[in-house]
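Reader: I have a model open and would like to learn how to read it. Could we go through it feature by feature?

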Amino acid sequence: MEKLLEVNNLEIQFKSQKNIVYAVNGLCFNVYEKEILGIIGESGCGKTVTCRSILKLNNSYEEKGNIKFNGNEISNLEQKDLNKIRGNKIAMIFQNPSSALNPVITIGRQLIEVIKLHQRVTDEEAKENGIALIKKMGIPDPDAKMKEYPHQQSGGINQRIMISMALSCNPELIIADEPTASLDVTIQNQILEIFKELKTKLSIIFVTHDLGIIKEIADRVLIMYQGMLMEEGKVDNIFNNPLHPYTKALMASVPLLNDQKIILKGEPLSNFTKPEGCPFASRCPEIIGDICHNKIPEIITNKNTVRCHIYSSGGN
Ligand SMILES: Nc1ncnc2c1ncn2[C@@H]1O[C@H](COP(=O)(O)OP(=O)(O)OP(=O)(O)O)[C@@H](O)[C@H]1O
Ligand code: SF4
Ligand SMILES: [Mg+2]
């Protein structure tokens, strides 16, 4: 499989009052063509800022690392060059569709604007394309829908509109940050079906708190903790044979029913300091010694890719 996106040694820091927030600390991962990469991890571990950094959307204090798209470095691009990629080759879908859409402009007008931004077409052609797109999303009576406003729709319909907008320019990569988190289970399943079908044509980064969703739709999964990769691999391998103690803890945790946040025993460390050892050391049931606190484990790739001293020579 060809690599579409390569993220290497990504570091993201923010300044908050007197502190520096170390949000992402040397994160590495790839996205291959026509796959869904699931990203999972507790609240605050850096999933959203990682997604946003791919399109330079963070208002960060410091951002370092290499990001290659189709083999070309994009982390150092000027905003105008990045704009050629944003929405054209890489599109983003957010958690709350209703707030991402403009409440006072009809759905049709918003779709037409987005289509015209990326394609040289007339209003009439853009309208036809828009109707075809929302029809593909299974929205009933698309002609009438174009004349309506976002506030008249359910969250599920609005999310389908957002997906239609993202698809309007035939992107190669869709970054979806918890796109189903605000939807009820039936609608969620319908949207997941749409994503499953999409991956036959493009690649998707799918951020979620829900291991069940990962199992259902992702090909591979990246498990993050405090801005670092803990484990990455094929979904079947990770579910059948999790290696990292954090992955095992995650599998044993029970998602809350209301907002699907992950609950684990203990608190993550503050991210006001840069990790000097394994960030999971304060909660790890398999800790092997001081090395866990004092040295950041190397990334080892065997069956899965894992960052833990148990699997690196330093710990044996
Ligand atoms: N603009 C900002 N200024 C300061 N800190 C920020 C900013 N944006 C994000 N952070 C911090 O960066 C860290 C990572 O945030 P991020 O939103 O990526 O987490 P997340 O994994 O997406 O969490 P959730 O699952 O709750 O969406 C958090 O500690 C957050 O407080
Ligand atoms: S490096 Fe040590 S503390 Fe971290 S997960 Fe592995 S065993 Fe646990
Ligand atoms: Mg987030």
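Author: What follows takes up the cores, the strands, the ligand and a few single residues in turn. Keep in mind that this is a predicted model.

Reader: Let us begin with the nonpolar cores. How many residues does the largest nonpolar core have, and which have the most contacts inside it?

Author: A residue belongs to such a core if it is buried and nonpolar and is joined to others through side-chain atoms within 4.5 Å. Here the largest core has 55 residues, and Ile163, Ile174, Phe195, Leu198 and Phe206 have the most contacts inside it. Helix H7, residues 155–167, gives the most to this core, with 7 residues. There is also a second, separate core of 31 residues, including Leu5, Leu27, Val31 and Phe69.

Reader: Which residues is Ile163 in contact with, leaving aside its neighbours within four places in sequence?

Author: Ile163 is in contact with Ile93, Met137, Ile191, Ile194, Phe195 and Leu198. Two of those names, Phe195 and Leu198, were also in the list of residues with the most contacts inside the largest core.

Reader: Now the strands. In which sense do strands S1 and S4 pair, parallel or antiparallel?

Author: A general point helps when you look at side chains: in a regular strand they alternate between the two faces of the sheet. In this model S1 (residues 3–16) and S4 (residues 62–69) pair in the antiparallel sense over 7 bridges. To follow one of the pairings, start at Glu6, whose bridge partner in S4 is Lys68. Lys68 in turn has Glu73 as its bridge partner in S5. S5 covers residues 72–73 and pairs with S4 in the antiparallel sense over 2 bridges.

Reader: What lies between S4 and S5?

Author: The hairpin of S4 and S5 has 2 residues between the strands. Asn70 lies in that loop and has a positive phi of about 50° although it is not a glycine. Asn70 counts as partly exposed because its relative accessibility is 34%, and partly exposed means from 20% to 50%.

Reader: Where is Lys56 found, and what is its phi?

Author: Lys56 is found in the loop between H1 and S4. Its phi is near 50°, a positive value in a residue other than glycine. With 33% relative accessibility, Lys56 is therefore counted as partly exposed.

Reader: Next, the ligand. Which residues around ligand 1 come nearest?

Author: Begin with the shell, then look at single atom pairs. Of the 15 residues around ligand 1, Ser43, Gly44, Lys47, Thr48 and Asn271 come nearest. Strand S2 (19–32) and helix H1 (47–54) each supply at least two residues of the shell, and H1 gives the most, with 3 residues.

Reader: Which polar atoms does an oxygen atom of ligand 1 approach, and at what distance?

Author: An oxygen atom of ligand 1 is 2.7 Å from an N or O atom in the side chain of Lys47. For the side chain of Thr48, the distance from a ligand oxygen to an N or O atom is 2.8 Å. With Gly46 the partner is a polar backbone atom, 3.1 Å from an oxygen atom of the ligand. Taken alone, ligand 1 exposes 640 Å², and the protein buries 67% of that.

Reader: Finally, which residues does His293 touch, not counting residues up to four places away in sequence?

Author: His293, which is found in helix H12 (residues 290–294), touches Glu276, Gly277, Ala281, Ser282 and Ile287. His293 and Glu276 are 17 residues apart in sequence and 6.9 Å apart in space, C-alpha to C-alpha. His293 counts as partly exposed because its relative accessibility is 43%.

Terms used. Residues numbered from 1 in each chain as written. Chains lettered and ligands numbered in written order. Predicted model: local features only at pLDDT ≥ 70, side-chain atom pairs only at ≥ 80, totals over all residues. Heavy atoms only, no water. Buried < 20%, exposed > 50% of the residue type's maximum accessible area, 1.4 Å probe, protein only. Helix = DSSP H or I, 4+ residues; strand = E, 2+ residues; numbered from the N terminus. Contact = heavy atoms within 4.5 Å. Pairing = 2+ DSSP bridges. Near = heavy atom within 4 Å. Polar contact = N/O pair within 3.5 Å; in protein donor to acceptor, adjacent residues only side chain to side chain. Areas by Shrake-Rupley, 256 points an atom, 1.4 Å probe, with all protein chains shown as cover.
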